[in-house]
Amino acid sequence: MKDVITIEESGMTFGDFLVDDVFRIERSDVYKKIGQGIKTVEFICLQKNDKVCFVEAKKSSPRTDNEETFDAFVGELVEKFTHSFEVWMSIFVKRRSSDISRNFLEVDMKTVKFKFILVIHGHKEEWLPPIRNAMKRRLMPHNKIWGSDVVVLNEKSARDMNLIRQTEENDI
Amino acid sequence: MGLKSIKIQNFTVFEDEQIEFSSGINIVVGTNGVGKTHLLKLLYAASQAVDSRTSFSQKIVKCFLPDEYRIARLVKRQQGANNASVKVTSCGNESKGEKTISASFNSKTKKWDAIVKGENAWEEQLYGMNSIFIPAKEILSNAYNLNAAVERNNVSFDDTYIDIINSAKVDISLGKNSKEKEKRLERIEEIIGGKVTYDAKKEEFYLRQKNKNLEFPLVAEGIRKVALLWQLVKNGTLEQGSILFWDEPEANINPAYISILVELLIELQRSGVQIFVSTHDYFIAKYIDVRRNELDKISFLSLFQTENGVKCEQGDSFEELKHNVIMETFLKLYQEEVGKAMA
């Protein structure tokens, strides 16, 4: 039986993931080396159908009507996702080396899909679309160039996407 | 003044339902065919019956236009449902209590010969109360000779269309405009980019922009609807103590203007206009929730189909409605978006 792990972040339990399908970017050698000024997501994981998922977890989000705070929130997320993408890509093209599993280096660059996933603890479903819309606007060039996509979820929808452990204690 | 409640029995889609209203804004939501417009038209007919020249039952018929003008055709069509009744109750005021006007009829009632009760006391209490119904379809651009054509049976329009044209034709405003009224008119002018004028000889409305008159049929339909609101504010139809019924204000309106429209509705409510709006629009419902303050009197009414006819759920905010087809659709769309993004 293969080893699986879970990841505790922002009051949520992500997983179960096969150990070789997860890259804890924040704890990685490469990040320790170049970390200054670089922002990262919580982790990167591989999912079925050729998906590389960059996952960020938050306990809350600012109100959308507080424009300044909301823009800063979205801006920070955009940096986290794009920096993490570039760190992973730098490893993939062997510009940098790191303690990453072979599974990540064997993805088919022609068909792989990149998903930027934000999971917000305790959020009502109707609060999610404005956040996704704001992030999509900011990430539009990346989405166009790399065919990446942005998804904003709460625990329930993250569980439906097999990102959060299937236990009752995760219920909102 | 204003309307407090309605009790409807065996009328069109309603079997037996009592609905209470806010004296401020009432937002009616629900899928197609649950009677949103029927509810507004019934209330409008009752509001128009404050005029001694207008009969409640006749107004119902003229607003609904059943075949052969038979009110009997408005009885809910199901086995055993032979008797229908509609009772509308007013808010009352310090000097006079609530009054009720009712119309009862059955599947054999001829023309508009319903039994109407309480009409005299209704007229006495609510005398002079203005009410206006803005239909979903814009009609002002067809004002020319419409009344004559309807009278000659050349075309068939229900009374809500005839009445709105007649109200808009009133091209005078009494006294000097108050600051609030000026501000309100300016807000609407932001949307329509001018003012409305009416040529009584030609029976035509124009939008006056930069000293030039633009014929109404040449103006975008959404703008024409908002221009109508300008005219109703300007000529005093919409003032304290009046009632505005607006069926689907969102129809043909640029979503960017919805927030201004909502702001206007909230302001009209603050100045004492009771408002009934039926809508399918997420932006209208949400903007009302977002722009309101604690003192605003706002009620959300969700009509939904059950085995026992249409029922109504009331909520103080849009979000608390359990039968909320607008929100359900919005979330369904988001779920589909996420599903596609994660495919």
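How many residues does the contact take from chain A and from chain B? The contact takes 9 residues from chain A and 7 residues from chain B. The structure is a predicted model. On the chain A side, two elements each supply at least two of the residues that touch chain B: helix H4 (128-138) and strand S7 (149-153). Sorted by class, this side of chain A has 4 nonpolar, 1 polar and 4 charged residues.

## Chain A

Both of the chain A elements just named have further neighbours within their own chain. Strand S7 belongs to an open sheet of 5 strands in chain A, with the order S3-S4-S5-S6-S7 and mixed pairing. Strand S3 (22-23) and S7 of chain A stand at the edges of this sheet; each has a single partner strand, so one side of each is left without a neighbour in the sheet.

Within the same chain A order, S5 and S6 are adjacent. Strand S5 (residues 51-58) and strand S6 (residues 113-120) of chain A pair in the parallel sense, and the pairing runs over 8 bridges. One position shows how the two strands match: the bridge partner of Ala57(A) in S6(A) is Val119(A). Strands of a sheet pair through backbone hydrogen bonds, either parallel or antiparallel.

Helix H4 of chain A packs with helix H2 (residues 67-92) of chain A, and their axes come within 10 Å and cross at roughly 55°. An angle of 55° falls in none of the ranges for roughly parallel, roughly antiparallel or roughly perpendicular, and H2(A) and H4(A) are therefore oblique to each other. H2(A) passes H4(A) in a right-handed crossing. The residues that meet are Val74(A), Leu77(A) and Val78(A) in H2(A), and Ala134(A), Met135(A) and Arg138(A) in H4(A). By class, the residues of this contact divide into 5 nonpolar, no polar and 1 charged.

## Chain B: the sheet

Chain B also has an open sheet of 5 strands, here in the order S2-S1-S4-S5-S6 and with antiparallel pairing. Its edge strands are strand S2 (14-20) and strand S6 (115-117) of chain B, and each of them pairs on one side only. On average, neighbouring strands of this sheet are turned by 5° against each other, direction ignored.

Strand S1 (residues 3-11) and strand S4 (residues 83-90) of chain B pair in the antiparallel sense over 6 bridges. In this pairing, Gln9(B) has Ser85(B) in S4(B) as its bridge partner. Helix H1 of chain B packs on the sheet, where it touches S1, S4 and strand S5 (100-106) of chain B, and the direction of H1(B) makes about 120° with that of S1(B).

A further pair in chain B is formed by strand S8 (residues 195-199) and strand S9 (residues 204-209), which pair in the antiparallel sense over 5 bridges. Tyr198(B) stands opposite Phe205(B) in S9(B). The hairpin of S8(B) and S9(B) has 4 residues between the strands, and Glu203(B) in this hairpin takes a positive phi near 55°.

The table lists three of the strand pairs described above.

| Strand pair | Sense | Bridges |
|---|---|---|
| S5(A) and S6(A) | parallel | 8 bridges |
| S1(B) and S4(B) | antiparallel | 6 bridges |
| S8(B) and S9(B) | antiparallel | 5 bridges |

## Chain B: two domains

Chain B is divided into domain 1 (1-130 + 239-343) and domain 2 (140-238). The C-alpha centres of these two domains of chain B lie 24 Å apart. Where they touch, 22 residues of domain 1 of chain B are in contact with 17 residues of domain 2 of chain B. On the domain 1 side, the elements that give two or more residues are helix H1 (36-48), helix H2 (56-64) and helix H8 (255-270) of chain B. H8(B) gives the most to this side, with 6 residues. The domain 1 side has 11 nonpolar, 5 polar and 6 charged residues.

How does H8(B) pack with helix H6 (residues 179-192) of chain B, and at what angle? The two helices pack at an angle of about 165°, with their axes 10 Å apart. That makes H6(B) roughly antiparallel to H8(B), because angles over 145 degrees count as such. H6(B) passes H8(B) in a left-handed crossing. Arg184(B), Arg187(B), Ile188(B), Glu190(B) and Ile191(B) in H6(B) meet Tyr257(B), Ile260(B), Glu263(B), Leu264(B) and Glu267(B) in H8(B). By class, this helix contact has 5 nonpolar, no polar and 5 charged residues.

Key:
Residues are numbered from 1 along each chain as its sequence is written. Chains are lettered from A and ligands numbered from 1 in the order in which they are written. This is a predicted model: local features need pLDDT of at least 70, side-chain atom pairs count only at pLDDT 80 or more; totals for chains, interfaces and linings use all residues. Two residues are in contact if their C-beta atoms, placed from the backbone, lie within 7 Å. Ala, Val, Leu, Ile, Met, Phe, Trp, Tyr, Cys and Pro count as nonpolar, Asp, Glu, Lys and Arg as charged, and the others, Gly among them, as polar. Two strands pair if DSSP finds at least two bridges between them. Domain bounds come from an automatic or database domain assignment. Axes are lines fitted to C-alpha atoms, for helices over the stretch in contact, and angles run from 0 to 180 degrees between N-to-C directions. Angles under 35 degrees count as roughly parallel, over 145 as roughly antiparallel, 65 to 115 as roughly perpendicular and the rest as oblique. A crossing is left-handed if the near helix is turned anticlockwise from the far one by less than a right angle, and right-handed if clockwise.
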